[in-house]
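Got your viewer open? Here's a short tour: make each selection in turn and see what sits there.

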Amino acid sequence: MARDLRGFLKLLEDRGQLRRISALVDPDLEIAEISNRMLQAGGPGLLFENVKGADHPVAVNLMGTEERVCWAMNMEKPQELEELGKKLGMLQQPKPPKKISQAIEFGKVLFDVVKAKPGRNFFPPCQQVVLEGENLDLNKLPLIRPYPGDAGKIVTLGLVITKDCETGTPNVGVYRLQLQSKNTMTVHWLSVRGGARHLRKAAEQGKKLEIAIALGVDPLIIMAAATPIPVDLSEWLFAGLYGGSGVPLAKCKTVDLEVPADSEFVLEGTITPGEMLPDGPFGDHMGYYGGVEDSPLIRFGCMTHRKDPIYMTTFSGRPPKEEAMMAIALNRIYTPILRQQVSEIIDFFLPMEALSYKAAIISIDKAYPGQARRAALAFWSALPQFTYTKFVIVVDKDINIRDPRQVVWAISSKVDPSRDVFILPNTPFDTLDFASQKIGLGGRMGIDATTKIPPETEHEWGEPLESDADVAAMVERRWAEYGLADVDLSEVDPNKFGYEMG
């Protein structure tokens, strides 16, 4: 697969997962409404070729299913993402190899890091057209407004690139930007993010912060930038590890930064510390409108783009959304790293309906009393991205944590709320979570849905119901003889059991 947006679009089209829309559509609300319906149905990616008030097509919903996220990562199945997580885990906490085979495996990972080093492109496609000064007009970009209560047009899938003014180390993040004028935008980032840290350092030295926004990049690079794994590697190296080869970079025209050479658009500008404008409100991943916050103002002096560029976008909101699909893939990558941090964890799952991180389901190989509580507490501190997880449900290893019916059965049959539910009050929390009594401060709940062993219980636990093994094997052999060969037992429709799932 070509390592750019166009290559990914071709891949989707070749596999019947892209629909071209030639009808005239409005980037104000209409594109998001169409895309949202497609997301709800797990439908294909969309390329709007005739956008009102714009000369450029708009691509959306490209990573709207777990399958397409895997394709973006050069993989076919979600399980392959765990192999990538093992690599990252070895780099995060390398251990001296005890066997020749372990040494060889670690050597392969180090070789992958060497291959992942970014390359250089001195004639980059992203600079085929250069617009500066009065020729720069951000209004010509087909920016969307997803919801009627949104404050304006937004950029959502742009790589926001800054650099530490002391060390020169770059940071690549995916932050929301709001259009403010023909040459300005505000950027919305949390104070703990790399871009915000770089701005604080620039302010301390009395300097402006240089910034570049790369739009329409290889989706694999977006996944790398969205991976908050605490490994001391740059996002460019992450992307190289994800893709198996280095990302070709190009120097910007007017700022001392590097961007993916195959970007569709690049915006170059600066932030003057202290220069702020109101940003928001906008629809957020929680399913509500966020608030209005004073955010740093970017003044752009240059825009470059490819010939006939394609604009890629997405939007937040109650799942399913593209960000939720990306989170499911990242869940797979985290799993081996989490096992390395908390050894008793067999598997874990962050359900999309729980906003991809608000509830976690963990399975353990239970060996001693109190182990479920220990695993829940360890989970909250294992990786920074689990800081805002409200609920942790711990089940036995024989429960399929990705089957909500099994999880509900485990909670209902194995939990005594007075014994197995524990709450941690007044912990630091997500400021976007309106359920908290105080913004930024909230509680967490752990639920032990494992089989209880003494002294957790004072009585014998019942024997689980199981089929007779010999009879089960016989029925398996005679299934066709019963005249039931045409009955597919592998596909279960939950709506037949009282659920109402569209």
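The stops below go from the cores to a pocket, then through some strands and a few backbone oddities.

**Stop 1: the cores.** Keep in mind that this is a predicted model. Start by selecting Leu62, Leu159, Ile161, Met223, Tyr242 and Phe379: in the largest nonpolar core, which has 77 residues, these touch the most other members. Now add helix α9, residues 322-341, which is the top contributor to this core with 10 residues. A second core sits apart from that one; it has 38 residues, including Leu39, Leu209, Leu215 and Ile271. In soluble globular proteins, nonpolar side chains tend to be buried together.

Zoom in on Leu159. What is leucine 159 in contact with, once neighbours within four places in sequence are left aside? Show Val172, Gly173, Val174, Ala212, Ile213, Ala214, Val217, Ile221, Ile222, Ala225, Trp236 and Pro260, and you have its contacts.

**Stop 2: helix α8.** Trp236 leads us on to α8, since it is one of the buried residues of that helix. Select residues 235-243: 8 of these 9 are buried, so the helix is largely enclosed by the rest of the structure. The buried set is Glu235, Trp236, Leu237, Phe238, Ala239, Gly240, Leu241 and Tyr242. Step just past the end of α8 and you land on glycine 244, with a positive phi of about 90°.

**Stop 3: the second largest pocket.** Select Phe349, Met352, Glu353, Pro404 and Met501 to find the spot; of the 36 lining residues, these lie nearest the pocket's centre. The volume comes out at about 1400 Å³. Which elements each supply at least two residues of the lining? Colour α2 (30-40), α9, β18 (359-364) and α11 (404-414). Helix α9 is back again here, giving the most to this lining with 4 residues. If you colour the lining by class, expect 22 nonpolar, 7 polar and 7 charged residues.

**Stop 4: tyrosine 334 and asparagine 426.** Stay on α9 and pick tyrosine 334, which is part of that helix. With a relative accessibility of 6%, under the 20% cut-off, tyrosine 334 counts as buried. Now draw a C-alpha to C-alpha distance from there to asparagine 426: it spans 27 Å in space, and the two are 92 residues apart in sequence. Is asparagine 426 buried or exposed? Exposed, with a relative accessible area of 59%. Asparagine 426 belongs to strand β20, residues 421-428, and has a positive phi of about 55° despite not being a glycine.

**Stop 5: the stretch between β17 and β18.** The loop between β17 (345-349) and β18 holds lysine 358, and leucine 355 is there too. Leucine 355 has a positive phi, near 60°, though it is a residue other than glycine. At 14% relative accessibility, leucine 355 is buried. Lysine 358 is buried as well, with a relative accessible area of 4%. To see what is around lysine 358, leave out neighbours within four places in sequence and show its contacts: Met286, Tyr388, Thr389, Lys390, Phe391, Phe429, Asp430 and Asp433.

**Stop 6: strands.** Follow the chain into β18, which pairs with β19 in the parallel sense over 6 bridges. Isoleucine 364 has aspartate 396 in β19 as its bridge partner. Strand β19, residues 391-396, is mostly covered, with 5 of its 6 residues buried.

Next, show the open sheet of 4 strands, ordered β1-β2-β3-β16, with mixed pairing. Its edges are β1 (18-21) and β16 (311-312). β1 runs parallel to β2 (residues 45-48) over 4 bridges, and arginine 19 stands opposite leucine 46 in β2.

Another open sheet has 3 strands in the order β4-β12-β13, again with mixed pairing. β4 (119-120) and β13 (258-260) each have a single partner strand, so one side of each lacks a neighbour in the sheet.

**Stop 7: two cis peptides.** Most peptide bonds are trans. Select glycine 280 and proline 281, joined by a cis bond with omega about 5°; proline 281 is in the loop between β14 (265-279) and β15 (293-305). Then go to proline 319 and proline 320, where the bond is also cis, with omega near 5°. Proline 320 lies in the loop between β16 and α9, which brings you back to the helix from the first stop.

Notes:
Residues are numbered from 1 along each chain as its sequence is written. This is a predicted model: local features need pLDDT of at least 70, side-chain atom pairs count only at pLDDT 80 or more; totals for chains, interfaces and linings use all residues. Side-chain values use heavy atoms; hydrogens and water are left out. A nonpolar core is a set of buried Ala, Val, Leu, Ile, Met, Phe, Trp, Tyr and Cys residues joined through side-chain atoms within 4.5 Å. Buried means under 20% relative accessible area, exposed over 50%, partly exposed in between (1.4 Å probe, protein chains only). Contact means heavy atoms within 4.5 Å. On a 1 Å grid over the protein atoms alone, a cavity is a set of points where a 1.4 Å probe fits but cannot get out, and a pocket is an open set with protein on both sides within 12 Å along at least five of seven lines; lining residues have an atom within 4 Å of a point. Grid points are joined across faces, edges and corners, and a volume is the space filled by probe spheres set on the points. Ala, Val, Leu, Ile, Met, Phe, Trp, Tyr, Cys and Pro count as nonpolar, Asp, Glu, Lys and Arg as charged, and the others, Gly among them, as polar. Two strands pair if DSSP finds at least two bridges between them.
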